[in-house]
Amino acid sequence: MAKLGKRLTDAYKTVNRDNFYSLEEAVTLVKGAAKAKFDETIEIAMNLGIDPRHADQMVRGVVNLPNGTGKTVRVAVFARGAKVDEALAAGADVVGGDDLAEQILAGNINFDRCIASPDMMGVVGKLGKVLGPRGLMPNPKLGTVTPDVAGAVKAAKAGAVEFRAEKTGIVHAGVGKVSFSEEALVQNIRAFVDAITRAKPTGAKGQYLLKVSLSSTMGPGLKLDLTSVSAAAGAAA
């Protein structure tokens, strides 16, 4: 723990946490301050002017990051018939029906994303209490309930990121790895921010984007200048 404390202390010396940095400056500084022995995740946190307790102010969706997340995503698919082969060919890690549901109910949840063909929702619907709290329940609005299971699997594997506002109005997600180029990270971050901006709910009044910060898994967080993130973000602020 002492080594971790010293690493963080040294990292904080390289940044000014009171400053608002342009996106490009922040990416450079966050990458430079990441000193862990593993490939840290670059994380974005967005504080939104919403109250998710109201249905018309919930922010939820999915965005395909142009350069992926750098994370290996394990995908489970509920399907039957020919769609089983389609899902496996697309790279699904687990495919099943009632047997897969039994495994999940037994506590065997060895996947990060769950996809289902529409005809399997009778089976999947029984798993709401298990998958729902984990954010794994298939949802048509997120493209995870679809007849095109192969396309959904490929999207998940390629870097599709689901987002959902927490009770405090904060949305956060991993948008790449420290090993990514600065250009790739900037592209991913802009894609994520633009997706959040487009997802502005009808019930949101006043300022929508309040604060945006960027950090690595073990590094300090930096505040971003909203106008530098994207033109859309600057307008929404």
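**Note on the predicted model: sheets, helices and cores**

1. **Helix α7 and its cover.** Among the elements that cover the buried residues of α7 are β4, α3 (82-90), β6 and β7 (160-164). This is a predicted model. Helix α7 spans residues 149-158, and its buried residues are Val149, Ala150, Ala152, Val153 and Ala156. They lie on the same side of α7, because they cover an arc of only 165° around the axis. The face turned away from that buried side carries Lys154 and Ala158, both exposed. Gly159 follows α7. Its phi is positive, near 125°.

2. **The chain as a whole.** There are ten helices and ten strands in the chain. The chain has 237 residues, and 46% of them count as buried. Take the contacts between residues at least 6 apart in sequence: 75% of these join residues at least 24 apart.

3. **The three-strand sheet.** Two of the strands that cover α7, β4 and β6, belong to an open sheet of three strands. The order is β5-β4-β6, and the pairing is parallel. Strands β5 (94-96) and β6 (113-116) are the edge strands, and each pairs on one side only. From one strand to the next, the twist averages 15°. Strand β4 covers residues 75-78 and pairs with β6 in the parallel sense over four bridges. To find this pairing in the structure, look at Ala76: its bridge partner in β6 is Cys114.

4. **The five-strand sheet.** A second open sheet needs its own look. Its five strands run in the order β1-β10-β9-β2-β8, with mixed pairing. Which strands stand at the edges? They are β1 (20-21) and β8 (170-177). Each has a single partner strand, so one side of each is left without a neighbour in the sheet.

5. **Strand β2 and its two partners.** Strand β2 runs over residues 41-48. It pairs with β8 in the antiparallel sense, over six bridges. Glu43 has Gly174 as its bridge partner in β8. β2 and β9 also run antiparallel, joined by seven bridges. Here the bridge partner of Ala45 in β9 is Ser213.

6. **The β9-β10 hairpin.** β9 and β10 form a hairpin, with five residues between them. Strand β10 (residues 222-224) runs antiparallel to β9, and two bridges join them. Leu214 has Leu222 as its bridge partner in β10.

7. **Helix α8 on the sheet.** What lies across β2, β8 and β9 (209-216)? Helix α8, residues 182-198, does. Its direction makes an angle of about 155° with β8.

8. **One aromatic pair.** The count of aromatic pairs comes to one. Its members are Phe163 and Phe192, in an edge-to-face arrangement. The distance is 5.9 Å centre to centre, with 75° between the planes. The pair links distant parts of the chain: Phe163 sits in strand β7 and Phe192 in helix α8, 29 residues apart. Are these residues buried or exposed? Phe163 is buried, and so is Phe192. Strand β7 thus deserves a second look: it is also among the elements that cover the buried residues of α7.

9. **The largest nonpolar core.** This core holds 40 residues. Ile44, Met46, Leu48, Phe192, Ile196 and Leu214 touch the most other members. The elements giving two or more residues to it are α2 (23-33), β2, β7, β8, α8, β9, β10 and α9 (226-229). Helix α8 gives the largest share, nine residues.

10. **Leu214 up close.** Which residues does Leu214 touch, not counting residues up to four places away in sequence? Its contacts include Ala26, Val27 and Val30. Ile42, Glu43 and Ile44 are also touched, as is Ile189. Pro220, Gly221, Leu222 and Leu224 complete the list.

11. **A separate core.** Apart from the largest core lies another, of 15 residues. Among them are Ala76, Leu100, Phe111 and Leu131. Ala76 has appeared before, as the residue whose bridge partner in β6 is Cys114.

How values were computed: Residues are numbered from 1 along each chain as its sequence is written. This is a predicted model: local features need pLDDT of at least 70, side-chain atom pairs count only at pLDDT 80 or more; totals for chains, interfaces and linings use all residues. Side-chain values use heavy atoms; hydrogens and water are left out. Two strands pair if DSSP finds at least two bridges between them. Contact means heavy atoms within 4.5 Å. Axes are lines fitted to C-alpha atoms, for helices over the stretch in contact, and angles run from 0 to 180 degrees between N-to-C directions. Buried means under 20% relative accessible area, exposed over 50%, partly exposed in between (1.4 Å probe, protein chains only). The arc is that of the directions from the helix axis to the C-beta atoms. Rings of Phe, Tyr and Trp (its six-membered ring) pair if their centres lie within 6.5 Å; planes under 30 degrees apart count as stacked, over 60 as edge-to-face and the rest as tilted. A nonpolar core is a set of buried Ala, Val, Leu, Ile, Met, Phe, Trp, Tyr and Cys residues joined through side-chain atoms within 4.5 Å.
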